[in-house]
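Trainee: Please take a close look at a single part of this model. I would like one connected account rather than a list.

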Amino acid sequence: YPGGKQGMEVRSAVQGWAGAGRVALLGAVLLCVWWRAAAERVRYAIPEELGRGSLVGPLARDLGLSADELPARKLRIVAGDEKQYFSLQEDNRNLRVNDRIDREGICGAVSPCVLSLEAVVENPFDIFHASVTIQDINDNAPQFDEELVTKEMIESTPPGTRFPLGSARDPDFGENSLQNYELTPNTLFSLLVRESLDGTKYAELVLENVLDREKQRNHNLILTAVDGGDPVRSGTAQIKINVTDANDNPPVFTKEIYTVRLMENLPEGSLAFQVQATDNDESTNAEITYSFSDTAKSIRQLFTLDPRTGDAKVIGPLDYEERKYYEVSVEGKDGGGLTAHAKVHIDIIDVNDHAPTLSLLPIQNPIPEDSIPSTVVAVINVRDRDSGENGEVSCIMDGNLPFRLETSSENTYKLIIASALDREKVSAYNITITATDRGRPALSSSTELVLEVSDVNDNAPVFEEAAYSAYVAENNAAGALVLRVQARDADAGANGRVSYWLAGGSAGAAGAAPLVSVEARSGALYAQRSLDYEQCREFWVAVRAQDGGAPARSSTATVRVFVLDRNDNAPRVLWPAAGAAAAAGEGPAAAAFEVVPRSAEAGYLVAKVVAVDADAGRNAWLSYELVQASEPALFRVGLHSGEVRTARAVSERDAAKQRVVAVVKDHGQPALSATATLHVVLAESLQEALPELSERPAGAEAAAAAELQFYLVLALALLSALLVLSVALAVLARLRRA
């Protein structure tokens, strides 16, 4: 419940009311009380030793923050402790345990144990104060400083004499702390439990009957210390009693309780206190030896006691912030074994030995240069471990800067913009904040905060060139780099961070299947697919450069891409018409039949090979060459015209059938080619040439015969299968009728 005592009063009122009509009134009262309490301080209470992530309370809800406004309010917590025991999790809604909390280690014997923190929200800025009370659990058992306590008692000790047994230590608090002592049942001794001025319970052993050393020299008892926790924890110590001969007078201290006040910065070796006891006996029975009894080991590490003089000196550091009070038990024992006991109460006086500590929580860093005055840019939390005036701290800011400090609470300051900022004049401020306490002499500490002033978006990106040109060879790989554009923005941060986009272009360049894409961060243009010079020789795209400001600013540049031709098309023979495929690596082959009279003279035009190439430039320049002929000396081919002519006059000795193969090559690197085959018949007339034209090669006749034989066998197999199927169907029909 966030309202402390007020929340308890409301709960009591709820238990006493009934009826549906009062429920609405109760809800209104609860809401009013909650808002009033939240404005003062939000309080939670949790047990110690909770695991990391354990829920402390719904801080956002208790501060009146809804889930919708949480992202904008930026809820954060500021803790003055060196250790962050709490954190905000689950979208900054719930306050949870961040680290192990040991009440005894944090607060010791102080009660209640309260950890304070501040919650900071923005838009608008506000600070809420919260406290978490750490409740004790019974996680420590009582423990004696010494497991074996030895006592010497003279046999003449009268019944009723009391002997201090010391006290056990239990760091827990309240009911979980030490509550009682128990002693092993016996006839000689009983146990008396007493309480000192600081509330510490200690045990005294009471002699009930006369001791007789001649009957029993030693007695062994068990002392048990128990706490009030659930379940109960306990610790034990063994008491060994040695019975000695008579010594009439025990020592007597000058005071039963000594009170001492020591400064916490007392140097080692200084006299802390002095105890003195007297004994009316003589000789060795009057010689008194002093020693600590029932004193914790931690105290023995701070003080040493001279056994002869009773002088106690400081041997360890005294720290008021760690412990403000000590109680020491001193035992004086004479030579005959009689003892006396006195207590020394030591109060530690605080001195100004701790400088203030500062913790900073920047709210805005960097600060927009158009921020208005009175804007909170940081929260400063100050702490001083000293007390009183030594712990009262004030803060100042060094230098003449456009900021000022305002007090938010006892230990919290706000750093606020005092006047307008101009990034063009000053882009960053080094602010030194000094905290000074009121001790004598005063101690101070400083911390430095660097606040940067952020720019507003007042500059658009500027391209290095207004128009770019790029040249890409066709048949490029998809994803190949085409060009890299670059624009610069004079602004800083996100306002100067430039991204690139395509913003249109010529047909096909930025349509459903664009030819190029641009990388948003680098401005690199990449080909989306392989380009074909024969389909697209050039195109242009518009590239927009846009910064990351709000609102964003942009500019546009034009990129014109020229596609360069490659020799990727072989020559295509238009005449003679295409026939069988050429050899591997060449273009298609073409074949035709021509009749040349035997009376043809040299230079007679037999035929003209016509070819084209889809490439451009040198890749489309064609040349013709005769690569094979039955009579190589009979024919020639024009290098550039492709005309096949007779190189000499036809003679009667020339074979009637001639085969001429011409190759067409382009001038690309590497060159591509195609072939054309002419079958030339030497005859004076068409009738004379017909027998030659009707003859087929022997290989062709053999292939035709093999093909005919295959089809005959296939037809015979199909007829046989049909006959067998018909007979089977007839037999089945007869069997069915039968």
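Mentor: F303 sits in strand β20, which covers residues 303-305. The model is a predicted one. With a relative accessible area of 1%, F303 counts as buried, because that value falls under the 20% cut-off. Its C-alpha atom is separated by 9.3 Å from that of E268, a residue 35 positions away along the chain.

Next comes the second largest pocket, whose volume is about 770 Å³. Its lining consists of 35 residues, and R162, P164, E204, E256 and H341 are the ones that lie nearest the centre. Several strands contribute: β8 (148-154), β9 (162-166), β11 (189-195), β12 (201-207), β22 (325-333) and β23 (339-349) each supply at least two residues of the lining. The largest share comes from β23, with 6 residues. By residue class, the lining of this pocket divides into 14 nonpolar, 11 polar and 10 charged residues.

On the surface, L722, L723, L725, V727, L729, V731, L732 and L735 make a nonpolar patch of about 800 Å². One of these, L723, lies in helix α8, which runs over residues 698-737. L723 has a relative accessible area of 58%, so it counts as exposed, the cut-off being over 50%. To set the two residues side by side: F303 is buried at 1%, whereas L723 is exposed at 58%.

How values were computed
Residues are numbered from 1 along each chain as its sequence is written. This is a predicted model: local features need pLDDT of at least 70, side-chain atom pairs count only at pLDDT 80 or more; totals for chains, interfaces and linings use all residues. Side-chain values use heavy atoms; hydrogens and water are left out. Patches are made of residues with over 30% relative accessible area and no salt bridge: like charges are joined within 9 Å, nonpolar side chains (Val, Leu, Ile, Met, Phe, Trp, Tyr) within 5 Å. Accessible areas come from the Shrake-Rupley method with a 1.4 Å probe; for residues, only the protein chains shown count as cover. A salt bridge is a side-chain nitrogen of Lys or Arg within 4 Å of a carboxyl oxygen of Asp or Glu. Helices (H or I, at least four residues) and strands (E, at least two) are DSSP runs, numbered from the N terminus. Buried means under 20% relative accessible area, exposed over 50%, partly exposed in between (1.4 Å probe, protein chains only). On a 1 Å grid over the protein atoms alone, a cavity is a set of points where a 1.4 Å probe fits but cannot get out, and a pocket is an open set with protein on both sides within 12 Å along at least five of seven lines; lining residues have an atom within 4 Å of a point. Grid points are joined across faces, edges and corners, and a volume is the space filled by probe spheres set on the points. Ala, Val, Leu, Ile, Met, Phe, Trp, Tyr, Cys and Pro count as nonpolar, Asp, Glu, Lys and Arg as charged, and the others, Gly among them, as polar.
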